[in-house]
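Trainee: Please take one part of this model and walk me through it slowly, explaining each term as it comes up.

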Amino acid sequence: MTEISIRKAEKKDLPAIQRLLSTYFLDMEDLEPEDFVLAEKEGKVIGCAALIRDTLNEKTFLELHSIAVHPNLRGKGIGTRLMEYLINNIDSPETPGVQVCELYVRTTAPVFFEKLGFITLQDAEKLLIWEDCRKCEHFEKCAQHAMKYFRVS
Ligand SMILES: CC(C)(COP(=O)(O)OP(=O)(O)OC[C@H]1O[C@@H](n2cnc3c(N)ncnc32)[C@H](O)[C@@H]1OP(=O)(O)O)[C@@H](O)C(=O)NCCC(=O)NCCS
């Protein structure tokens, strides 16, 4: 397989990120291109994932958004590489330089995240963390699993 590189995205990557996300009817939400990391093959963007900082009770936490791999290249470890890059480059939001990694995701692909060490959160925890879930009329039949990854190194 041709070499695949992982790098941080820049402003100029916006159209490529939008194109990839649109394959899965995903959009950028309120994200900036600079929030993303990309997987690239022969100069083409073939994977993306974004990490954002959010706040809960004055505590900052990190949430993964918009992970996608080109449909022809799924199941080849590219999503795992994007996640490993993000996890290995996280500094604690509260103590820069200390590698306490706590990462949340709401996802329709729980098995992928389980394989990376994420654990599923109960609905009660989901409601504590996400204000939009508390307000959502579809909460009871939501297809998104809330999951958490935690590591101290
Ligand atoms: C989810 C996604 C990013 C995973 O990327 P990927 O490059 O295909 O994942 P990997 O090849 O690194 O897979 C790692 C493992 O997870 C499994 N896996 C990946 N996606 C899976 C899914 N949707 N359901 C179940 N298992 C999945 C793989 O089979 C693999 O298992 P193995 O290690 O036993 O072989 C990719 O499938 C994708 O773009 N899906 C569509 C968009 C999407 O659903 N995004 C998530 C929204 S939060």
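Mentor: Just after helix H1, phenylalanine 25 takes a positive phi of about 55°; helices here are DSSP runs of H or I with at least four residues, strands are runs of E with at least two, and both are numbered from the N terminus. This is a predicted model, in which local features need pLDDT of at least 70 and side-chain atom pairs count only at pLDDT 80 or more, while totals for chains, interfaces and linings use all residues. Residues are numbered from 1 along each chain as its sequence is written.

Going back from Phe25 into H1 itself, which spans residues 14-23, we find Ile17, Leu20 and Leu21 buried, a word that asks for 20 or more other C-beta atoms within 10 Å of a residue's own, whereas exposed asks for 12 or fewer and partly exposed lies in between, with C-beta atoms placed from the backbone. These three cover an arc of only 95° around the axis, and therefore sit on the same side of H1; the arc is that of the directions from the helix axis to the C-beta atoms. An α-helix has 3.6 residues a turn, so residues three or four places apart point the same way. On the face of H1 turned away from that buried side are the exposed residues Pro15, Arg19, Ser22 and Thr23.

The buried residues of H1 pack against strand S2 (36-41), strand S3 (44-56) and strand S4, where a contact means that the C-beta atoms of two residues, placed from the backbone, lie within 7 Å. Strand S4 (59-69) also leads to the ligand, since S4, helix H2 (78-88) and helix H3 (110-115) each supply at least two residues of the shell around the ligand.

Helix H2 can be read in the manner of H1: its buried residues are Ile78, Gly79, Leu82, Met83 and Leu86, and because they cover an arc of only 140° around the axis, they lie on the same side of H2. They pack against strand S1 (4-8), S2, S3, S4 and H3. Gly79 appears again at the ligand, as Arg74, Gly79, Thr80, Thr107 and Val111 come nearest among the 17 residues around the ligand, a residue being near when its C-beta atom, placed from the backbone, lies within 6 Å.

For the wider setting, the protein chain has 5 helices and 7 strands, and 23% of its 153 residues count as buried.
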